[in-house]
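Here are some notes on the model you sent, set out as numbered points. They begin with the way the parts of the chain meet and then turn to the ligands.

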Amino acid sequence: MNEYDSNRILDLTKKINYTHTDNLCEADCYILNTCHIREKATDKVYHDIGRVKKKFKNKPKPIVLIVGCVAQAEGNILLKKEKYIDAIIGPQSYHQINDTISKLEKKLNPINITEFDVIEKFDSLNILKNTDNRISSFLTIQEGCDKFCKFCVVPYTRGAEYSRSMEELVSEANQLVKNGAREINLLGQNVNAYNFKGKKLSDLIKEISKIKNLKRIRYTTSHPIDFSEDLIEVHQKCEKLMPLIHLPVQSGSNKILKAMNRKHTIEEYLEIVRKLIKVKPDIKFSSDFIIGYPGETYDDFKKTVKLMTKIRFINSFSFIFSARPGTPAFKLDKINEKDAKNRLLEFQQVGEDIKSNYRKKLINKTVNVLFENKMKSGNKYFGRDEHFNSVIVESNNDLTGKIKNVNIVKVNQNTLFGEVILNSSQTNYAA
Ligand code: SAM
Ligand code: SF4
């Protein structure tokens, strides 16, 4: 979502004649978009500011804006502690960036804008053309969260759940496809909580799947309690919807799920998985896990490992519980740090073995790949298969934006390597 936001911020600042530079030393304005989900986020901000300060030691100071969730959560502290920062802008106030920069050009005082004005934000962004021209583009459809898991900062930094209108989303999706997108990844903190005047995520998927040159649709991140029957059905009916679902579960223990306020049980989670496999047998899953949540016993942890081996997630993102100030879990007694680290290592080893096994089985199989870009070295092209695996092939033809069947010849933990099957079309997926 920060990547999507950063692109929209770039579109916005073009209005006041700013343009993107890869060369930090020549920047007039430095905007750091931040994430607050786990510890050390604020340290990273100070570290980055230090880097900028060093680069600009013998030059006029650039305008420095800190935006995103760290700005939202720790704005005043940052402004007080680091005088090099000129303004703090929360994630629902990006529409005020241009005004802020204009004020700072006139050398006004430090600025802190952290109110939740999500409607005004999207109203302002909607009138700007989204210039993202990547083959696989992001589209934020929903923001914020009302679920209040006890460990999580999102409800406090991104605010309440808000869904953008179908009309503006279809229009932005059309724009992205006109710019060259062949895949759109619909984004939201709880993307399947999308609800605009009764229109749900499944309705939006059906609507944008009508865009002719749009070949693939994905969405992330979904929450188990919002996984409704209509969404399951759309996986059966919409061919453009890719068969990989990122469905965070956090823990395999009902006791821990309850303590986290996740509002569902493992049995309910498994039921969603079962229904999805029934309508779409080649569907696969990835997930997020929090290891060492306060109160987690080794027995609870083993239940998480068991879930991993049962579902055989093809990708997983696991982190040790990070106590976030302002959340209800902050004050809970943490489990022993060494135990937490050992559990994380054990869990990640199981996850890596599953992933490695799955990948080895793809050798000599055919996967259907949408190619996103030519790589810097040689005649290599990068793309993703339907299950979001990275695939690299060599080719003398320009494959950018094309969908091809690829025979996999070699794999490593992160990438599949293959050869394009000549005259292959997008329809004969056979993995
Ligand atoms: N809304 C999605 C859901 O509920 O599944 C997830 C969104 S959250 C921004 C992304 C991931 O960050 C979570 O799935 C969780 O695993 C991780 N996360 C959030 N707070 C955390 C914390 N305090 N410590 C460790 N991991 C955390
Ligand atoms: Fe955070 Fe997701 Fe829970 Fe919302 S549902 S509080 S975003 S983990």
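1. In this predicted model, 15 residue pairs, both members at pLDDT 80 or more, are in polar contact between domain 1 and domain 2. The count of salt bridges between these two domains is two. For the pair Arg158 and Asp5, which form a salt bridge, the closest N and O atoms are 3.1 Å apart.

2. To place that contact in the chain, the division is into domain 1 (2-115), domain 2 (120-358) and domain 3 (366-420). Domain 1 contributes 22 residues to its contact with domain 2, which in turn contributes 28 residues. The C-alpha centres of domain 1 and domain 2 are separated by 28 Å, and the two domains bury about 2300 Å² between them, with 53% of that area on carbon and sulfur atoms.

3. Ligand 1 has 17 residues around it, of which Gln189, Gln250, Arg262, Asp288 and Ser322 come nearest. Sorted by class, this shell holds seven nonpolar, six polar and four charged residues.

4. Several polar approaches to nitrogen atoms of ligand 1 can be listed individually. A backbone N or O atom of Gln189 is found 2.7 Å from a nitrogen atom of the ligand, while a polar backbone atom of Phe151 is 3.0 Å from a nitrogen atom of ligand 1. From Asn190 it is a polar side-chain atom that lies 3.2 Å from a nitrogen atom of ligand 1. Taken alone, ligand 1 exposes 570 Å², and the protein buries 88% of that area.

5. Which residues surround ligand 2? They are Cys145, Lys147, Phe148, Cys149, Phe151, Cys152, Val154, Pro155, Asn190, His223 and Arg262. By class, the shell of ligand 2 comprises seven nonpolar, two polar and two charged residues.

6. It may help to read the two ligand shells side by side. Arg262 is among the residues that come nearest to ligand 1, and Arg262 is also listed around ligand 2. Phe151 and Asn190, which each have an atom close to a nitrogen of ligand 1, at 3.0 Å and 3.2 Å respectively, likewise belong to the surroundings of ligand 2.

Note on methods: Residues are numbered from 1 along each chain as its sequence is written. Chains are lettered from A and ligands numbered from 1 in the order in which they are written. This is a predicted model: local features need pLDDT of at least 70, side-chain atom pairs count only at pLDDT 80 or more; totals for chains, interfaces and linings use all residues. Side-chain values use heavy atoms; hydrogens and water are left out. A residue is near a molecule or strand if one of its heavy atoms lies within 4 Å of it. A polar contact is a pair of N or O atoms within 3.5 Å; within protein, one must be able to donate a hydrogen and the other to accept it, and residues adjacent in sequence count only if both atoms are side-chain atoms. Accessible areas come from the Shrake-Rupley method with a 1.4 Å probe; for residues, only the protein chains shown count as cover. Ala, Val, Leu, Ile, Met, Phe, Trp, Tyr, Cys and Pro count as nonpolar, Asp, Glu, Lys and Arg as charged, and the others, Gly among them, as polar. Domain bounds come from an automatic or database domain assignment. Contact means heavy atoms within 4.5 Å. Buried area is the accessible area (1.4 Å probe) that two parts lose on being put together, summed over both. A salt bridge is a side-chain nitrogen of Lys or Arg within 4 Å of a carboxyl oxygen of Asp or Glu.
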